[in-house]
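Thank you all for coming; I would like to take you through one structure this morning, starting with a pair of helices and moving on from there. Please have a look at the sequence and the model on the screen before I begin.

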Amino acid sequence: MSAKILIVNDEANVLRILGRALEAEGHRIISAETGEAALRKITSEPFDLLILDVKLPDMSGISFCRQLRARPDTAELPVILLSGRTETADKIKDWQTATDEYVTKPFDIDEMVTRVAALLERTQKLQYGQTGGLGQTLGFVGAKGGVGATTVALNVAAALCAERRSTIVAELRPSFGTCSLELGEAPTDGLASLLELESRNITTRELRRRLVKYRPGLRVLFGPRPDEGYTEVTPDHALAVVSGLADMSEYTLLDLPGDMSPGTRAAIERCDYVVVVAEHRECCWDTAKAVLERIDSWGVGKTRRGIVMVSRAASSRPPRAGDISLELGVNVIGFFPPAEDACNEAYASGVPIVLSQPGSTPAIALTEIAHKIEERVSTPVGV
């Protein structure tokens with residue numbers, strides 16, 4: 001698709017080379033050398049995408065982005081930030097929350113052209129709520145409280161996002177969840193306010209304004225805040241939320257309670273794939289089996305659910321997927337190894353393990369889990 005793109009940079013060489021490459025792709029290029037000049041242009045005419053340097057002559061790129069996000073007419077304008085190679089983790093987190101992409105300099109011009117095309121396509125889908133009817137919904141249910149279902153769901157979402165998949169995580173819980181704590185975000189107006197509406201009034205617009213953009217391609221619908229108390233998720237509300245989100249993203253990941261309430265059942269029945277998260281101890285298998293049997297009783301076929309085993313402590317006996325599959329009658333998607341230090345570090349930084357500690361054993365395990373789930377939902381039933 002062709003687009004009108006504003007490049008904000010005071011380096012003539014960057015403006016020339018990048019502008020020519022994007023014009024060759026059919027885009028219309030406008031340039032500005034300062035933040036103030038760019039703001040005047042944005043005020044007077046609409047743009048489809050913005051590319052700006054992290055250091056402008058009159059302000060920082062982040063300061064510029066925050067001004068954009070504070071204005072209703074530019075809050076959703078996609079932004080690619082050009083940055084230096086060596087930056088602190090705090091700065092990188094700021095970029096992730098204020099922009100849609102950030103690219104380190106010097107950049108490869110072909111990669112930039114590809115990123116621009118991908119971001120424009122993703123933005124168009126999100127703007128019009130279009131996924132071609134192919135948005136996949138994944139449910140994550142803990143076999144018991146505190147097993148780590150939220151951590152697994154967030155990291156699977158982050159891994160899918162890293163593969164350029166537009167992704168939404170939704171805490172479909174009647175009471176306070178932990179997504180905001182794990183992502184270092186203050187919980188905002190989210191699920192609780194949606195549940196105050198009649199289900200037929202939960203539109204794409206209502207959903208979009210409650211989604212928090214955590215990083216490029218990854219948005220979150222937070223569950224109720226602690227001060228909002230318990231709010232029942234009815235089947236009608238669950239279906240309205242899940243169906244609406246599925247039309248807005250390639251993947252919607254539901255962080256579901258283990259209460260097996262009518263609302264949870266409605267959400268699970270709407271899922272393309274359900275992941276039960278259980279502790280890897282034989283004494284916990286009965287609980288996992290009970291959850292799986294309940295899901296089966298709702299008509300969720302065996303090809304539509306799997307299990308992730310979480311190990312709390314190092315064991316002399318390695319996990320055996322075959323034993324678990326035979327005992328529980330379910331495909332083992334993967335194992336999340338003991339990772340107390342990695343989880344604590346991710347919690348402190350507000351960045352999921354697969355993003356904050358790539359290459360670590362737990363990050364590799366979680367990424368493999370994401371890939372296996374993606375394979376399951378892309379394989380036709382019966383294959």
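Let me start with a question: are α6 and α16 roughly parallel or roughly perpendicular to each other? Before I answer, please keep in mind that what we are looking at is a predicted model. The two helices, α6 (149–162) and α16 (residues 361–378), pack at an angle of about 75°, and their axes are 9 Å apart. Angles of 65 to 115 degrees count as roughly perpendicular, and α6 and α16 are therefore roughly perpendicular to each other.

As for the residues that make this contact, α6 contributes Val152, Asn155, Val156, Ala159 and Leu160, which meet Leu366, Thr367, Ile369, Ala370, Ile373 and Glu374 of α16. By character, the residues of this contact divide into eight nonpolar, two polar and one charged.

Now, α6 also takes part in the second largest pocket, where it gives the most to the lining, with six residues. That pocket holds about 660 Å³ of space, and its lining comprises 37 residues, with Gly146, Val147, Gly148, Thr151 and Glu182 lying nearest the centre. Besides α6, both β10 (251–256) and α14 (340–349) supply at least two residues each to this lining. Taken by character, the lining has 18 nonpolar, 12 polar and seven charged residues.

Finally, I turn to the loop that leads into α6, and to charge pairing. Side chains of opposite charge can pair when their charged atoms come close. The whole structure contains 12 salt bridges, and one of them joins the side chains of Glu279 and Lys144, at 3.5 Å from N to O. Because Glu279 lies in strand β11 (residues 273–279) and Lys144 in the loop between β6 (136–142) and α6, this pair ties together parts that are 135 residues apart in sequence.

Definitions and conventions. Residues are numbered from 1 along each chain as its sequence is written. This is a predicted model: local features need pLDDT of at least 70, side-chain atom pairs count only at pLDDT 80 or more; totals for chains, interfaces and linings use all residues. Side-chain values use heavy atoms; hydrogens and water are left out. On a 1 Å grid over the protein atoms alone, a cavity is a set of points where a 1.4 Å probe fits but cannot get out, and a pocket is an open set with protein on both sides within 12 Å along at least five of seven lines; lining residues have an atom within 4 Å of a point. Grid points are joined across faces, edges and corners, and a volume is the space filled by probe spheres set on the points. Helices (H or I, at least four residues) and strands (E, at least two) are DSSP runs, numbered from the N terminus. Ala, Val, Leu, Ile, Met, Phe, Trp, Tyr, Cys and Pro count as nonpolar, Asp, Glu, Lys and Arg as charged, and the others, Gly among them, as polar. Axes are lines fitted to C-alpha atoms, for helices over the stretch in contact, and angles run from 0 to 180 degrees between N-to-C directions. Angles under 35 degrees count as roughly parallel, over 145 as roughly antiparallel, 65 to 115 as roughly perpendicular and the rest as oblique. Contact means heavy atoms within 4.5 Å. A salt bridge is a side-chain nitrogen of Lys or Arg within 4 Å of a carboxyl oxygen of Asp or Glu.
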